[in-house]
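This report considers the pockets and the aromatic contacts of a single protein chain. The sequence and structure are shown first.

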Amino acid sequence: MIVISNPTAIANEINTIHALFERGLELFHVRKPDFSEQEIKAFVLEIGLDYKEKLVLHSHHQLAEDLGVIRIHFPSTSRPDSFQKSEGFTVSTSTHSIEEFNVLSDDFDYAFLSPVFPSISKENYVPKTNLFEEIKNRTNFSTKTVALGGISAANIKQTLERGFDDVALLGNIWNTENPIKNFESCQQIVLSF
């Protein structure tokens, strides 16, 4: 299970991130689209380099080597047509249809496929198609599918049962009163699957 950062800075964010790691969070995507290179670097250093193997950079990839981060993510709008994945790196991307997902190269270890359900964090961001039907046409099995968009404890089980390899949380963590409790509820379902 993956957690994606809130796109903007929010109160108590670093403490929440640390609490998530303490409860077993495996991957944390640093997605701050409006942050400068310096702001991303400061944010990662504030999280702490003890967690660098669990961090994924969505932007300013050039910081990865300096910070010892071995995971990078390409949003669908900035995914290169071709690239040479560095040895030891994990690379992910975002997709919005099974057709887009199916043509990804083997260089991508996993890809978000979204939105599966109406988004919790983005207003009016709803599925254009039924991704549970679309995923039946999956031909790319070298890249893991990660469901994103409206993922919560109420729908994780069906999401995994219906063909997704993993899930990612964003709004269910950051747009709630109880981020830690929500994480633990979701994690329990994922671990029992």
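Which elements each supply at least two residues of the lining of the second largest pocket? In this predicted model, they are β7 (144–147) and α8 (179–192). The largest share, four residues, comes from α8. Nearest the centre of this pocket lie Met 1, Ile 2, Glu 26, Leu 27 and Asp 166, among a lining of 17 residues.

The largest pocket has a volume of about 490 Å³. Its lining comprises 28 residues, and those closest to the centre are Arg 31, His 58, Ser 94, Lys 122 and Leu 148. Two or more lining residues are given by each of β8 (166–169) and α7 (171–174). The two pockets are set side by side below.

| Pocket | Volume | Nonpolar lining residues | Polar lining residues | Charged lining residues |
|---|---|---|---|---|
| Largest pocket | about 490 Å³ | 11 nonpolar | 14 polar | three charged |
| Second largest pocket | about 260 Å³ | nine nonpolar | two polar | six charged |

Lys 122 also takes part in a contact with a ring: its charged end sits over the ring of Tyr 125, 4.6 Å from the ring centre.

The count of aromatic pairs comes to seven. In one pair, the rings of Phe 74 and Phe 108 have their centres 6.5 Å apart and their planes at 85 degrees, so the pair is edge-to-face. This pair links distant parts of the chain, 34 residues apart: Phe 74 belongs to strand β4 (residues 71–74), whereas Phe 108 lies in the loop between α4 (98–102) and β6 (110–113). Both Phe 74 and Phe 108 are buried. Elsewhere, one aromatic cluster is formed by Phe 21, Phe 28 and Tyr 51.

Methods. Residues are numbered from 1 along each chain as its sequence is written. This is a predicted model: local features need pLDDT of at least 70, side-chain atom pairs count only at pLDDT 80 or more; totals for chains, interfaces and linings use all residues. Side-chain values use heavy atoms; hydrogens and water are left out. On a 1 Å grid over the protein atoms alone, a cavity is a set of points where a 1.4 Å probe fits but cannot get out, and a pocket is an open set with protein on both sides within 12 Å along at least five of seven lines; lining residues have an atom within 4 Å of a point. Grid points are joined across faces, edges and corners, and a volume is the space filled by probe spheres set on the points. Ala, Val, Leu, Ile, Met, Phe, Trp, Tyr, Cys and Pro count as nonpolar, Asp, Glu, Lys and Arg as charged, and the others, Gly among them, as polar. Rings of Phe, Tyr and Trp (its six-membered ring) pair if their centres lie within 6.5 Å; planes under 30 degrees apart count as stacked, over 60 as edge-to-face and the rest as tilted. Buried means under 20% relative accessible area, exposed over 50%, partly exposed in between (1.4 Å probe, protein chains only). A charge sits over a ring if NZ of Lys or CZ of Arg is within 6 Å of the ring centre and within 35 degrees of the ring normal.
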